[in-house]
Amino acid sequence: MQVTVLRLGHRYMRDKRISTHIGLVARAFGACELVMDLKDPLVEESIQQVVSEWGSSFKVHTTENWKKYIKEFRGDRIHLTMYGININQCMDKIKETPKDKLIIIGGKKVPSEVYSLVDYNVAIGNQPHSEISALSVFLDRFFNGTGLDKDFGGNKKIIPQKHGKKVLENQKT
Ligand code: SAM
């Protein structure tokens, strides 16, 4: 079962840092790819740089037609929005099926069609906050925290310390 994140409403320059962080959160918390509705080489390069140093097979793609992408996705389509059903009430049902998951997050106002194209509109609480926080809470709950124990098999590996930093280099065989 694979999890893909679809980022809608990316704006050049203004959203570079946020979209990069979405990719990093998606990778670190267990998703396998990020799909953007606009090609932004700077965002792709920043994420790929992390992948090449720290590992995983995480990918970044662009779709030219997000509507078609959502319609044709084979699996559960889950839109994160403060207007949806509280995650506390729907996560058990989402976990029941072993289908692939598409997690959709917005930036600027999400087109209203998205709400009816998906299988679930999920709220990480019904208060406004951010796409980065919504994605991280969703993935952590979905994977029951196991994403945080994953070995990414990268060149660099952190040896956790109570104090200070220890990083091993050239770990990839
Ligand atoms: N009015 C927007 C909404 O529909 O949630 C808030 C816009 S917010 C700046 C950008 C994105 O953050 C939203 O498109 C949504 O994906 C995510 N987001 C913000 N608050 C959220 C919440 N409470 N639950 C789930 N997603 C949220």
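## What counts as a pocket

A pocket is an open set of grid points with protein on both sides within 12 Å along at least five of seven lines. By that rule, the second largest pocket holds about 240 Å³ of space. The model described here is predicted.

## The second largest pocket

Which residues line the second largest pocket? They are R27, W54, K150, D151, F152, G153, G154, K156, K157, I158 and Q171. By class, this lining has 5 charged, 3 polar and 3 nonpolar residues.

## The largest pocket

The largest pocket contains about 440 Å³ of space. Its lining counts 22 residues. Closest to the pocket's centre are L80, T81, M82, G106 and G107. The elements β4, β6 and α6 each give two or more residues to this lining. The largest share comes from β4, with 5 residues.

How does the lining of the largest pocket divide by class? It has 11 nonpolar residues, 8 polar and 3 charged.

## Where the ligand sits

Where does the ligand sit? It occupies the largest pocket. Three elements give two or more residues to the shell around the ligand: β4 (76-86), β6 (120-123) and α6 (131-142). The largest share of the shell, 4 residues, belongs to β4.

The shell has 19 residues. Those that come nearest to the ligand are L80, T81, I124, G125 and Q127. By class, the shell splits into 11 nonpolar, 7 polar and 1 charged.

## Polar contacts with the backbone

Backbone atoms of M82, I124 and E131 pair with polar atoms of the ligand. For M82, a polar backbone atom lies 3.1 Å from an oxygen atom of the ligand. For E131, a polar backbone atom is likewise 3.1 Å from a ligand oxygen. At I124, the partner is a nitrogen atom of the ligand, and a backbone N or O atom lies 2.9 Å from it.

How much of the ligand does the protein bury? Taken alone, the ligand exposes 530 Å², and the protein buries 83% of that.

## In brief

The ligand sits in the largest pocket. Strand β4 gives the largest share of the ligand shell and also the largest share of the pocket lining. L80 and T81 are among the residues that come nearest to the ligand, and they are also among those closest to the centre of the largest pocket. The second largest pocket has its own lining, including R27, W54 and Q171.

Note on methods:
Residues are numbered from 1 along each chain as its sequence is written. This is a predicted model: local features need pLDDT of at least 70, side-chain atom pairs count only at pLDDT 80 or more; totals for chains, interfaces and linings use all residues. Side-chain values use heavy atoms; hydrogens and water are left out. A residue is near a molecule or strand if one of its heavy atoms lies within 4 Å of it. A polar contact is a pair of N or O atoms within 3.5 Å; within protein, one must be able to donate a hydrogen and the other to accept it, and residues adjacent in sequence count only if both atoms are side-chain atoms. Accessible areas come from the Shrake-Rupley method with a 1.4 Å probe; for residues, only the protein chains shown count as cover. On a 1 Å grid over the protein atoms alone, a cavity is a set of points where a 1.4 Å probe fits but cannot get out, and a pocket is an open set with protein on both sides within 12 Å along at least five of seven lines; lining residues have an atom within 4 Å of a point. A molecule sits in a cavity or pocket if more than half of its atoms lie within 2 Å of its grid points. Ala, Val, Leu, Ile, Met, Phe, Trp, Tyr, Cys and Pro count as nonpolar, Asp, Glu, Lys and Arg as charged, and the others, Gly among them, as polar. Grid points are joined across faces, edges and corners, and a volume is the space filled by probe spheres set on the points.
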